[in-house]
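Welcome! Here are a few exercises to help you find your way around a new structure. Take a look at it first, then work through each task with its solution.

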Amino acid sequence: INTFACDSKDIDVLRRADDQLLAMDVFFAANRAAAHKFVCGHAPLFIKTAGEAKEYFNITPAYRARIIDAMRRNGVREYLAAHHHGHYEVTDAGITVLTQAATSFFVGKPAPLGYYVFTLSPDGTKREFVEVQAAETP
């Protein structure tokens, strides 16, 4: 989901933000029986709580509430994001937000080079970071 469209002043971009929420809702409704459902966006829905104020690393509260409403209505409990530049997991209002560390642009302590593996099972989603060694340049 485009997490920055809702901040635009352009009416066409705002319409696209509304359209993507509708498309997300329709998609999840059509796939209601899927065992694992999640939403992906660049910015996290929230950092600590679903009701927090807007700040640099999260989504505008009004748009966030609409995303959460669509997620709840369709039984979606997980939201995958980046932008916060860290390995975070927080649950509030029945939604778990998983953010991934950036390996290209560091904020604070540098993150190791690597990637995440997500394993989906009846017990939920498991996330594991796999560190890799940088290739040496000749």
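**Exercise 1. Find what covers a helix.** The model is predicted. Which elements are among those that cover the buried residues of α1?

Solution. Start from the buried residues of α1: they are Val13, Ala17, Gln20, Leu21, Met24 and Phe28. Next, look at what lies over them: the cover includes β1 (38–40) and α2 (61–73).

**Exercise 2. Explain the pattern of burial.** Why do the buried residues of α1 line one face of the helix?

Solution. Recall the buried set, which includes Val13 and Phe28. Looking along the axis of α1, you find these buried residues within an arc of 95°, so they line one face of the helix. Now turn to the other side of α1, where Leu22, Val26 and Ala30 are exposed.

**Exercise 3. Check the length of α1.** What should the 20 residues of helix α1 span at 1.5 Å a residue, and how far apart are its end C-alpha atoms?

Solution. Helix α1 covers residues 11–30, and the expected span is 1.5 Å times one less than its number of residues, which gives 28 Å. In the model, the end C-alpha atoms are 29 Å apart, which agrees with the expectation. While you are at the start of α1, notice Asp10: one of its side-chain oxygens comes to within 2.7 Å of the backbone nitrogen of Asp12.

**Exercise 4. Read the sheet.** What is the order of the strands in the open sheet of four strands?

Solution. The order is β1-β2-β4-β3, and the pairing is mixed. β1 and β3 (88–92) are at the edges with a single partner strand each, so one side of each has no neighbour in the sheet. On average, neighbouring strands here are turned by 20° against each other, direction ignored. Then zoom in on one pair: β3 and β4 (residues 95–99) are antiparallel, with five bridges. Within this pair, Asp92 is opposite Ile95 in β4.

**Exercise 5. Classify a loop residue.** Where is Ala93 found, and why does Ala93 count as partly exposed?

Solution. Ala93 sits in the loop between β3 and β4. Its relative accessibility is 29%, so Ala93 counts as partly exposed: the class lies between under 20% for buried and over 50% for exposed. The backbone deserves a look too: phi of Ala93 is near 55°, a positive value in a residue other than glycine.

**Exercise 6. Follow a hairpin.** How many residues lie between β5 and β6 in their hairpin?

Solution. There are two residues between β5 and β6. The strands, β5 (residues 114–121) and β6 (residues 124–131), run antiparallel and are joined by eight bridges. One of the pairings puts Gly114 with its bridge partner Glu131 in β6.

Technical notes:
Residues are numbered from 1 along each chain as its sequence is written. This is a predicted model: local features need pLDDT of at least 70, side-chain atom pairs count only at pLDDT 80 or more; totals for chains, interfaces and linings use all residues. Side-chain values use heavy atoms; hydrogens and water are left out. Buried means under 20% relative accessible area, exposed over 50%, partly exposed in between (1.4 Å probe, protein chains only). The arc is that of the directions from the helix axis to the C-beta atoms. Contact means heavy atoms within 4.5 Å. A polar contact is a pair of N or O atoms within 3.5 Å; within protein, one must be able to donate a hydrogen and the other to accept it, and residues adjacent in sequence count only if both atoms are side-chain atoms. Two strands pair if DSSP finds at least two bridges between them. Axes are lines fitted to C-alpha atoms, for helices over the stretch in contact, and angles run from 0 to 180 degrees between N-to-C directions.
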